[in-house]
Amino acid sequence: MEKKTPFYQHHVKAGGKMVPFAGFLMPVQYQGIIEEHRHVRSAAGLFDVSHMGEIEVRGPEALKFVSYCTVNDPAALAVNQVQYSAMCYQDGGIVDDLLVYRYPEHYFLVVNASNLAKDFAWLQEQSKGFDVTLANTSDQVAQLALQGPKAEPLLQKICDLKLSDMKFYWFGTGKVDGVEMLVSRTGYTGEDGFELYFDIKYADQIWEALFQAGKEFDLRPIGLGARDSLRLEMKYCLYGNDIDQTTSPLEAGLGWITKLKKAGEFNGRDVLLKQKAEGVKRKLIGFELEGNAFPRQHYKMFKDGAQVGEVASGVFSPSVSKGIGTGYIKAEFSAAGTPFQVEIRGKMVPAQVAETPFWKNSSIKK
Amino acid sequence: MNIPKDLKYAASHEWARIEGDTATIGITDFAQGELGDIVFVELPAVGAKVTQNKPLGTVEAVKAVSDLNAPMSGEVTEVNGALEGTPDVVNKDAYGAGWMVKIRISNAAEAANLMDAAGYDKMEKHGH
């Protein structure tokens with residue numbers, strides 16, 4: 001039996017088509033994926049992401065522990081700063097990707113819903129020998145993502161933080177409609193926006209306050225379908241498609257978050273150092289297909305008659321109106337512009353490694 | 001759920017409008033709703049032979065692809081060319097402007113393998 005987020009009734013009322021996802025009943029779409037996608041690119045959309053997992057790490061060795069479990073360097077974080085990171089097994093495979101929030105005395109980790117149970121058990125295992133305490137607060141936390149070029153003026157109407165002073169990947173603790181919450185300038189769409197974390201008891205109030213404030217900006221609820229097409233146009237990784245326990249962050253193009261030279265030991269370092277020194281054998285690339293053809297997960301990629309890779313994610317891109325995807329391809333074919341083929345129902349369809357992100361007019365202010 | 005009474009239905013969510021020896025074929029309103037925004041419909045050429053319950057084309061949506069199966073066997077006499085530029089009419093009008101192909105029926109007895117509206121409605125409610 002799937003769980004419901006505290007916004008379930010609002011989704012149903014708004015015409016959301018509810019589907020099981022990561023153990024929750026979530027809206028996959030309301031009006032249609034393409035329309036919702038374009039609305040986030042041009043105005044503002046609200047996503048219920050309360051299914052995401054939240055874990056607090058406290059204790060004298062919180063920093064040392066988070067650094068041990070993640071590949072990015074949390075020591076580089078200032079208070080109120082956010083970091084995109086990944087947790088790796090000793091063999092360099094990815095446990096999950098996550099956000100790390102730095103508070104003065106503790107860390108707040110946001111992980112994928114589908115991995116929460118696995119992540120929490122794994123973190124508990126890793127924590128042996130560290131003076132830390134872990135708390136899974138996921139069931140008490142409501143999360144909404146307000147995304148789109150109108151997100152800032154919309155939220156500013158009901159938020160007491162000065163949002164124009166908040167940079168991308170920073171957060172603050174402030175009041176929205178009088179309710180104290182974590183306001184984070186982050187997202188998974190490639191547009192400017194905020195993610196709000198707050199006590200589930202205020203779910204109805206905050207949902208309604210955002211739509212009230214959002215009337216003049218035509219704020220609309222957006223489903224998981226558009227969340228996926230929006231993130232894929234940015235080549236943001238999706239766990240289970242683009243990354244998993246068999247892929248390393250270096251293969252996945254996440255070298256920029258993999259701080260091999262950071263102080264202290266961390267899981268996967270030896271394998272990752274070796275991969276870095278020898279070069280990875282395959283890379284996650286973005287690609288475009290020619291014509292009316294659309295890539296889907298597990299389609300095979302060919303070059304000169306030999307299989308050279310496999311599609312990880314695929315979608316019809318509403319922004320470029322063609323089939324786009326990601327896939328792991330042999331490293332020698334990973335340069336932008338390299339032609340190859342994708343086998344679709346027995347036919348070889350021409351494809352080309354693309355410059356990513358696919359969406360080049362992001363409203364994110366860096 | 002929109003299930004016209006004058007059509008026949010396949011378990012794989014295609015409909016057939018049988019008029020004399022011609023069947024007009026499309027996907028049901030339920031199917032278009034499940035697929036979401038349809039972005040391309042790949043159809044056979046006029047003259048192609050199709051076989052009951054075998055794929056005759058594909059329907060590509062933003063997130064998923066689905067086979068279009070032939071509800072009856074026959075030869076394709078017409079394809080809906082309008083879908084090439086505006087595949088989303090399948091979402092808007094699955095039983096009308098969103099029709100996909102017409103075939104000349106080669107074995108009228110196959111109609112017995114299809115469901116009527118009541119049968120399709122029941123199947124849909126009890127386990128698709």
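A:D228 counts as buried, with a relative accessibility of 12%. Its salt-bridge partner is B:K63, and the closest N and O atoms of the two are 3.9 Å apart. Keep in mind that this is a predicted model. With that said, here is a quick tour of how chain B meets chain A, some salt bridges inside chain A, and one helix that is mostly tucked away.

**The A:D228 and B:K63 pair**
- B:K63 sits in the loop between β6 and β7 of chain B, while A:D228 belongs to helix α7 (residues 224-233) of chain A, so this salt bridge joins two chains.
- Unlike the buried A:D228, B:K63 is partly exposed, at 36% relative accessible area.

**Where chain B meets chain A**
- On the chain B side, 15 residues are in contact with 16 residues of chain A.
- Three residues of chain B lose the most area to chain A: B:D37, B:V62 and B:K63, which together make up 42% of what that side buries.
- Putting the two chains together buries about 1300 Å², and carbon and sulfur atoms give 51% of that.
- Six salt bridges are counted between chain B and chain A.
- There are also twelve residue pairs in polar contact across this interface, with both residues at pLDDT 80 or more.
- Which elements give two or more residues to the side of chain B that touches chain A? They are α1 (29-35), β4 (38-42), β6 (55-61) and β7 (65-69) of chain B.
- Sorted by class, that side of chain B has six nonpolar, three polar and six charged residues.

**A salt-bridge network**
- Five residues are linked in a network of salt bridges: A:R296, A:R345, A:K347, B:E42 and B:E60.
- One salt bridge here pairs B:E42 with A:R345, and their closest N and O atoms are 3.8 Å apart.
- Over all chains, the salt-bridge count comes to 28.

**Salt bridges inside chain A**
- A:R282 forms a salt bridge with A:E251, with 3.3 Å between the closest N and O atoms.
- This pair links distant parts of the chain, 31 residues apart: A:R282 is in strand β15 (residues 282-289) of chain A, and A:E251 is in the loop between α7 and α8 (269-278) of chain A.
- Are these two buried or exposed to some degree? A:R282 is partly exposed at 28% relative accessibility, whereas A:E251 is buried at 11%.
- A:E288 and A:K322 make another salt bridge, and here the closest N and O atoms are 3.1 Å apart.
- Strand β15 of chain A holds A:E288 and strand β18 (residues 322-330) of chain A holds A:K322, so this pair ties together parts that are 34 residues apart in sequence.
- Both ends of the bridge are partly exposed: A:E288 has a relative accessible area of 26%, and A:K322 has one of 28%.

**An enclosed helix in chain A**
- Why is helix α3 (residues 62-69) of chain A described as largely enclosed by the rest of the structure? Six of its eight residues are buried, which here means under 20% relative accessible area.
- The buried residues in α3(A) are A:A62, A:F65, A:V66, A:S67, A:Y68 and A:C69.
- As for what covers them, the list includes the strands β5 (53-58), β6 (82-88), β7 (94-102), β8 (106-111) and β9 (133-136) of chain A, along with α4 (116-126) of chain A.

Methods. Residues are numbered from 1 along each chain as its sequence is written. Chains are lettered from A and ligands numbered from 1 in the order in which they are written. This is a predicted model: local features need pLDDT of at least 70, side-chain atom pairs count only at pLDDT 80 or more; totals for chains, interfaces and linings use all residues. Side-chain values use heavy atoms; hydrogens and water are left out. Contact means heavy atoms within 4.5 Å. Buried area is the accessible area (1.4 Å probe) that two parts lose on being put together, summed over both. A salt bridge is a side-chain nitrogen of Lys or Arg within 4 Å of a carboxyl oxygen of Asp or Glu. A polar contact is a pair of N or O atoms within 3.5 Å; within protein, one must be able to donate a hydrogen and the other to accept it, and residues adjacent in sequence count only if both atoms are side-chain atoms. Helices (H or I, at least four residues) and strands (E, at least two) are DSSP runs, numbered from the N terminus. Ala, Val, Leu, Ile, Met, Phe, Trp, Tyr, Cys and Pro count as nonpolar, Asp, Glu, Lys and Arg as charged, and the others, Gly among them, as polar. Buried means under 20% relative accessible area, exposed over 50%, partly exposed in between (1.4 Å probe, protein chains only).
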